[in-house]
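Colleague: I would like to learn how to read a model of this kind with some care. Could we go through it feature by feature?

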Amino acid sequence: MASSKYFYTYLYMMALMAIAISVSSCDDSRIYDYYAATPQNGWERNEVLHFEVPKIEKAGIYQQCVQLRANQKYPFQAVTLIVEQTVYPKRQTYRDTVECHIINEEGRLIGKTGISSTEVVAPLRTLQLRQGDSLAISIRHDMRRELLPGISDVGIRITGE
């Protein structure tokens, strides 16, 4: 009886050590990951979401993604986004058009689905940034409909390579 108690204690300690090692060994290369909420009644066409990325600590190549959270109320299969980025201090501006697919042909949410919503990630350009560079990013939708229901949040994620 006592030996089985020690055996289970040993297994418990080994599991805790494995979890601790796996968590501490993760190399999260994210330097920016932020969502901006859209109005609950819908995202208006003229409403621009702004993101201010602070100064980069280390020069390198950085991959960017647009992220959005949507639900079944979204009336189309995809959304077209206009993403404008300005790199400071050199004031170099980039403009991209990104199409994010939200609902498949069967009417189901695609992406990383939750109970009633989904998270969709679409890649943006890769940027070569210098130490001390910062970014100003703006996103708006480019759909014919003035008010888009069903999109709750739009975000930017930047990771180092």
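Modeller: What follows takes up confidence, then the sheets, then a few single residues.

Colleague: Where in the chain is confidence lowest, and where is it highest?

Modeller: Where pLDDT is low, the predicted coordinates should not be read in detail. This is a predicted model, and the mean pLDDT of its chain is 86, with 83% of the residues reaching 70 or more. Confidence is lowest in helix H1 (residues 2-24), where the mean is 52, and highest in strand S9 (residues 134-141), at 98. Over residues 16-27 the pLDDT is below 50, and beyond near neighbours in sequence this stretch has zero contacts in the model.

Colleague: Turning to the sheets, in what order do the five strands of the open sheet lie?

Modeller: Strands of a sheet pair through backbone hydrogen bonds, either parallel or antiparallel. Here the five strands form an open sheet in the order S1-S11-S4-S8-S7, with antiparallel pairing. Its edge strands are S1 (30-37) and S7 (112-113), each of which pairs on one side only. Between S1 and strand S11 (residues 151-160) there are seven bridges in the antiparallel sense, and Ala36 stands opposite Val154 in S11.

Colleague: Which are the edge strands of the sheet with the order S3-S9-S5-S6?

Modeller: That open sheet has four strands, and its pairing is antiparallel; the edge strands are S3 (49-53) and S6, each pairing on one side only. From one strand to the next the twist averages 20 degrees. Strands S5 and S6 run antiparallel and are joined by 10 bridges, and Leu81 stands opposite Val98 in S6.

Colleague: Is Arg91, in the loop between S5 and S6, buried or exposed?

Modeller: The general idea is to compare the relative accessible area with a cut-off, and exposed means over 50%. Arg91, found in the loop between strand S5 (78-88) and strand S6 (92-101), is therefore exposed, because its relative accessible area is 62%. Arg91 and Ser134 are 43 residues apart in sequence, while their C-alpha atoms are 9.8 Å apart in space.

Colleague: How many disulfides does the structure hold, and are Cys65 and Cys100 buried or exposed?

Modeller: The structure holds zero disulfides. For the accessibility of the two cysteines, the cut-off to apply is that buried means under 20% relative accessible area. Cys65 is buried because its value is 16%, and Cys100 is buried because its relative accessible area is 1%.

Key. Residues are numbered from 1 along each chain as its sequence is written. This is a predicted model: local features need pLDDT of at least 70, side-chain atom pairs count only at pLDDT 80 or more; totals for chains, interfaces and linings use all residues. Side-chain values use heavy atoms; hydrogens and water are left out. Two strands pair if DSSP finds at least two bridges between them. Helices (H or I, at least four residues) and strands (E, at least two) are DSSP runs, numbered from the N terminus. pLDDT is the predictor's confidence in each residue, from 0 to 100. Contact means heavy atoms within 4.5 Å. Buried means under 20% relative accessible area, exposed over 50%, partly exposed in between (1.4 Å probe, protein chains only). Axes are lines fitted to C-alpha atoms, for helices over the stretch in contact, and angles run from 0 to 180 degrees between N-to-C directions. A disulfide is a pair of cysteine sulfur atoms within 2.5 Å.
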